[in-house]
Amino acid sequence: MNNAIPAAIEQVLLDERTIARRVSELAAQISADYAGLDDLVLIGVLKGAFIFLADLARQLTVPHHVDFIALSSYNKGTASSGAVRLIMDTRSSVTGRNVLIVEDILDTGYTLDYLLRIFRARNPASLRTCVLLSKPARRRVEVQVDYLGFEIPDVWVVGYGLDYADLFRTLPYIGALRKEVYTRG
Amino acid sequence: MGLYEDVERVLISEAELKARVAELGAQINALYSDEDRPLLVCVLKGAFIFLADLVRHLRIRHEIDFMEISSYGKGTASSGVVRILLDLEQNIEGRHVLVVEDIVDSGRTLDYITRNLRTRGPASLRVCTLLSKPARREIDIPLDFVGFEVPNEFVAGYGLDFAEEYRNLPFIGVLKASVMAGL
């Protein structure tokens, strides 16, 4: 599917097979680490993480629950500031549970840092993070990543849940967007 | 593992799901054009795995939005009225909307959601559900895309849960009666 690569995509950074293999590895690692531990809850950050979460969860061999949160930044635009607005909180309480936050991409680190702080304040039994992509060149704040899919260069990536203005989110691979696309007006 | 031992039988296998989801994707590609730019509205949490697989088959331009709902508790079930915990990020006035559901049972919740969305003046409003259980239907609601009709049994997997468990089974299974009884 989606055989034709859109013109806005400069190159495919991570193809379907490469992503699938890495997601399996992450799932195996998480399953081993949480074996025998009760009450694991995966918290997916909308919208970007839903495809990663759907693939990851299906390969876990440990029982777990799934929950979602939705965030919104206070300023529009592409630069991340520290403050984010929690527009939907988790359905269930995380106190005393083993929490794994599932994120699509780690950029400046501000958002994940904020999430870790708010969830830590709820006294979970443990708190870890699983991030599909990391852009180390963009990091502004050091943040704990327990499970990482791939490190990528500082380019705008789309697909597998990641969007550009709500477009290209559902490409089955991760592609780098042409610079002209996101620097235009 | 425990999850698999609780399954009495596999109703729809992983391969059958994969093939059918691809067919549904092709039907959606055929119905809408790039200019329509349909907005797929996913009702959490049950539909997220179905959505994740379905959208990877779409070649038409589209967008995705999420809704999360919660019932008001007993007594309101017959009206289907639910509390919206997360509303759409987008204004759907004049947009082509496709609601993506995991299962249509009585139809009451879906009926309420579609009535709610219709008040916002979308250009069109359609429904795509992975599963439909006709034996349980109380409100006749038009379904534009249906993955599978299932018998009146408790099914779980591929996003559907029982008490928040079994969502991640890669197939749709029928749970053992002992599980349902909480034994």
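Okay, let's start in the middle of chain B. Strand E2 of chain B, residues 39-44, is joined to strand E3 of chain B, residues 63-71, by six bridges, and the two strands run parallel. Before I go on, please keep in mind that this is a predicted model.

If you want to find that pairing on your screen, look for B:Leu40: its bridge partner in E3(B) is B:Ile64. So what lies between the two strands? Helix H3 of chain B, residues 48-55, goes with E2(B) and E3(B) to make a right-handed β-α-β unit.

Now stay on E3(B) and look at another partner. Strand E4 of chain B, residues 82-86, pairs with E3(B) over four bridges, this time in the antiparallel sense. Your marker here is B:Glu68, whose bridge partner in E4(B) is B:Leu86. For anyone new to this, strands of a sheet pair through backbone hydrogen bonds, and the pairing can be parallel or antiparallel.

There's also an open sheet of three strands in chain B. Its order is E1-E9-E8, and the pairing is antiparallel. Which strands sit at the edges? Those are E1(B), residues 7-12, and E8(B), residues 155-156, each of which pairs on one side only. E1(B) is joined to strand E9 of chain B, residues 172-175, by four bridges, and these two run antiparallel. To spot it, take B:Arg9 and look across to its bridge partner in E9(B), B:Val174.

Let's zoom out to the whole of chain B. I count five helices and nine strands there. Reading from the N terminus, the elements go α-β-α-β-α-β-β-β-α-β-β-β-β-α. The radius of gyration of chain B is 16 Å, close to the 16 Å from the globule rule for 183 residues, so chain B is as compact as a globular protein of that length. Along the principal axes, its C-alpha trace spans about 50 × 40 × 25 Å. As for the inside, 39% of the 183 residues of chain B count as buried. And if you take the contacts in chain B with a separation of 6 or more, 66% of them are between residues 24 or more positions apart.

Over to chain A. Its secondary structure comes to four helices and nine strands. From the N terminus, you'd read the elements as β-α-β-α-β-β-β-α-β-β-β-β-α. Chain A has a radius of gyration of 16 Å, close to the 16 Å that the globule rule gives for 185 residues, so chain A is as compact as a globular protein of that length. The C-alpha atoms of chain A fill a box of roughly 50 × 35 × 25 Å along the principal axes. Of the 185 residues of chain A, 39% count as buried. For contacts in chain A with a separation of 6 or more, residues 24 or more positions apart account for 64%.

And how do the chains meet? The contact takes 26 residues from chain B and 23 residues from chain A. On the chain B side, the elements giving two or more residues are helix H1 (2-5), H3, E3 and E4. H3(B), the helix from our β-α-β unit, gives the largest share of that side, five residues. By class, the chain B side has 14 nonpolar, four polar and eight charged residues.

Last topic: some backbone oddities. Most residues other than glycine have a negative phi, and most peptide bonds are trans. So where do we find a cis bond here? One joins A:Leu46 and A:Lys47, with omega about -10 degrees. A:Lys47 lies in the loop between strand E2 (40-46) and helix H2 (50-59) of chain A. In chain B, the peptide bond from B:Leu44 to B:Lys45 is cis, with omega near -5 degrees. B:Lys45 sits in the loop between E2 and H3 of chain B.

Then there's positive phi. A:Asn123 isn't a glycine, yet its phi is near 55 degrees. You'll find A:Asn123 in the loop between helix H3 (110-120) and strand E6 (126-134) of chain A. Buried or exposed, what is A:Asn123? It's exposed, because just 12 other C-beta atoms lie within 10 Å, and exposed means 12 or fewer. A:Ala165 also has a positive phi, about 50 degrees. That residue is in the loop between strand E8 (157-158) and strand E9 (174-177) of chain A. A:Ala165 is exposed, with 11 other C-beta atoms within 10 Å.

That's it from me, thanks!

Conventions. Residues are numbered from 1 along each chain as its sequence is written. Chains are lettered from A and ligands numbered from 1 in the order in which they are written. This is a predicted model: local features need pLDDT of at least 70, side-chain atom pairs count only at pLDDT 80 or more; totals for chains, interfaces and linings use all residues. Two strands pair if DSSP finds at least two bridges between them. A crossover is right-handed if, with the strands pointing away from the viewer, the path from the first strand over the helix to the second runs clockwise. The radius of gyration is taken over C-alpha atoms; the globule rule is 2.2 Å times the number of residues to the power 0.38. A residue is buried if 20 or more other C-beta atoms lie within 10 Å of its own, exposed if 12 or fewer, and partly exposed in between; C-beta atoms are placed from the backbone. Two residues are in contact if their C-beta atoms, placed from the backbone, lie within 7 Å. Ala, Val, Leu, Ile, Met, Phe, Trp, Tyr, Cys and Pro count as nonpolar, Asp, Glu, Lys and Arg as charged, and the others, Gly among them, as polar.
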